[in-house]
Amino acid sequence: MLDLDTLVGALGGGLLRLLVAAPSAQVDEVVIAEPGDAVRDLTGDLVFGAGVTHAAAAVELVERAGRGGAAGVVLRRGPARARGVRTTARRHAVALLELDDTVSLVHVIGLVRGILDQSAMPGLERPDVGGYSDLLAFADAAAALVDAPVTIEDAQSRVLAHSARQDVTDAARVSTIVGRRVPAPLIADMRSRGVFRKLARSAEPFMVAPGPGQEMPRFVVPVRAGGEWLGSIWAVVAQPPSAATVLELRQAATVVALHLIRLRALTDLGRRITADRVRGLLMGGPPSTASTSWLPPGPWRVVALSRRTAMSADDLGADLDLWESVLRRWGWRQPLVADLDDHVFVVVQADGDGPGSWRWLASQVRSPQPAMESGVRACAGSEVGSPAELVDSRAAAAELGSLADVDDVTATVEDRWVSLAAARAVSALGAPDRFGGPVPALREHDGRLSARRSAYLPSLAAWLDHPGEPGAAAQALGVHVNTLRHRMVRMSEVADLPLHDPTARTVLRLQLAALGY
């Protein structure tokens, strides 16, 4: 069964929009319901309301679906937004989804069924080869229509398919085919000329004049579904095709749109399922053999990933998408990345140096990365040998990432064991004055004489940090050594300083650390 939110999210919102949510709704089948159908068991079904056009019929269908235990009901915009329909859906705890009026019901049902079938198959993380093969066939068919070379590209100018015929070429087309992406100078030129703005706003095909590296113009057909721009079909032509050919290309674009949605949905679905799997292990879920068969061979580390700019909790989902995209761009085919507790974590192999290993990740993070303008940081938890221990590695990675004195681009708990142990001791200590000792009295004295700044607490911290080296301690404070010696004498008059006891010195230093010194 597939989580309904995951299904809707995978489709991208261009076809189905969630009007009423149903927590924990799970889908395993698609059902077409006509008005007046008898009530039956609909547990786990996503019910499409065929022929439902009026509010009364919509309310009746939602009630029937709720009584039957359906996961959700899909209606066209008019009946979905009619009076009383959403209220009925909330009362029966059934999800209500709105289907775009411009989309074929049959096509959407086929698309959703394909995603449900694919989600139940092993190897979901692998690219859908069949989908790309279909796009290659469409590219060849479009090339035959316009009698010219054709490429099919997504909204990020990545080449998804190209026709077998590429006899009429120029430098830009060669770079596009070889690099599987439109060259950056050409993208910048088309952006400056408003080509992408026109693609995003209109469904009308148009000619594009030559740009950098281009000798011939292009005829481009936007690929859209439900008002959303998904990609485009590009043909190298000397002049615009005939009206009849343009009509056929536009019809082909509607079919290509469904394939692009399916490919995007399956890719996003694979990412979401992988993130859920990783998140479950990092939260301490039961690591059965079946539930961890997707993990690469151990041992592993959990790494906390971050950017060097402050982020709000609302940005965490976007940061997860960014990291997933960047890790793929670096060469890791299926990153094991998930968000949890306001962090983004990735599970890597502790050994080896290929994509997905700690050494590979650390080398990538340490190198300049223009895709991450704010800089990146990776803090690795302890090495573990069983999936059940990943939760401990995750906790250590998060703790390491939160340490103020760790500013390295990459760090491991083994590198920073002193900082980690000290941080845990300070955290366990709690309020620095709860156990008494000289620190509360010195703190009160510093506060009372703040105008003259006796600075006993920082002076004591520096003295403890440089045992037997008063000159180094004074230099750290920026005062003369005699000034520091005088402070230490006066300090002993305010409170008893058991500096002869090594255990007492350790506790004093931890208390000072808890105060920020």
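## A walk through the model, starting at helix α17

In helix α17, the residues Pro470, Ala473 and Ala474 are buried. Look down the axis of α17 and these buried residues fall within an arc of 100°, so they line one face of the helix. That fits a general pattern: an α-helix has 3.6 residues a turn, so residues three or four places apart point the same way. Keep in mind as we go that this is a predicted model.

Now turn α17 around. On its other side, Gln475 and Ala476 are exposed. So what covers the buried residues of α17? The cover includes α16 and α18, the latter spanning 481-494.

The end of α17 is a good place to see this packing residue by residue. Leu477 belongs to this helix, which covers residues 470-477. Is Leu477 buried, exposed or partly exposed? Its relative accessible area is 27%, and since buried means under 20% and exposed means over 50%, Leu477 counts as partly exposed. Setting aside neighbours within four places in sequence, Leu477 is in contact with Pro458, Ser459, Ala462, Leu484 and Arg487. Another way to place Leu477 is against Ala461: the two sit 16 residues apart along the chain, and their C-alpha atoms are separated by 9.8 Å. Just past the helix, Gly478 takes a positive phi of about 80°.

Follow those contacts back and you arrive at α16, residues 456-465. This helix is mostly covered, with eight of its ten residues buried. The buried ones are Tyr456, Leu457, Pro458, Ser459, Leu460, Ala461, Ala462 and Leu464. Pro458, Ser459 and Ala462, then, are buried residues of α16 that also touch Leu477.

Another helix pair is worth a look while we're on packing. Two packed helices are described by the angle between their axes and the distance between the axes. For α14 (residues 417-429) and α19 (residues 502-514), the axes come within 9 Å and cross at roughly 80°. That makes α14 roughly perpendicular to α19. Where they meet, α14 brings Ala422, Ala425, Val426 and Leu429, while α19 brings Leu510, Gln511, Ala513 and Ala514.

On to the nonpolar cores. In soluble globular proteins, nonpolar side chains tend to be buried together. Here the largest nonpolar core has 52 residues, and Leu4, Leu46 and Val112 touch the most other members. Helix α10, running from 243 to 282, gives the most to this core, with nine residues. Apart from it lies another core, of 38 residues, with Leu282, Ala304, Leu327 and Ala362 among them. For a closer view of one well-connected residue, try Val112: leaving out residues up to four places away in sequence, it touches Leu7, Leu11, Val30, Leu46 and Phe48.

Next, some strands. β11, residues 218-225, is mostly covered: seven of its eight residues are buried. β11 pairs with β12 (residues 228-236) in the antiparallel sense over eight bridges. β11 and β12 form a hairpin with two residues between them, and Gly226 in the turn has a positive phi of about 60°. β11 also has β10 (residues 206-208) as a partner, joined to it antiparallel by three bridges. You can read straight across these strands at Val220. Phe206 stands opposite Val220 in β11, and Val220 in turn stands opposite Trp234 in β12.

Finally, a few backbone details in the loops. Gly298 and Pro299 are joined by a cis peptide bond, with omega about 0°. Pro299 lies in the loop between α10 and β13 (300-307).

Two residues other than glycine also have positive phi values. Asp147 has phi near 55° and sits in the loop between α6 (129-146) and β8 (150-154). Ser157 has phi near 65°, and its place is in the loop between β8 and β9 (159-162). Which of the two words, buried or exposed, fits Asp147? With 54% relative accessibility, against a cut-off of over 50%, Asp147 counts as exposed. Ser157, by contrast, is buried, with a relative accessible area of 4%.

Technical notes. Residues numbered from 1 in each chain as written. Predicted model: local features only at pLDDT ≥ 70, side-chain atom pairs only at ≥ 80, totals over all residues. Heavy atoms only, no water. Buried < 20%, exposed > 50% of the residue type's maximum accessible area, 1.4 Å probe, protein only. Helix = DSSP H or I, 4+ residues; strand = E, 2+ residues; numbered from the N terminus. Core = buried A, V, L, I, M, F, W, Y, C linked by side-chain atoms within 4.5 Å. Contact = heavy atoms within 4.5 Å. Arc of directions from axis to C-beta. Pairing = 2+ DSSP bridges. Axes fitted to C-alpha atoms, helices over the stretch in contact; angles between N-to-C directions. Parallel < 35°, antiparallel > 145°, perpendicular 65-115°, else oblique.
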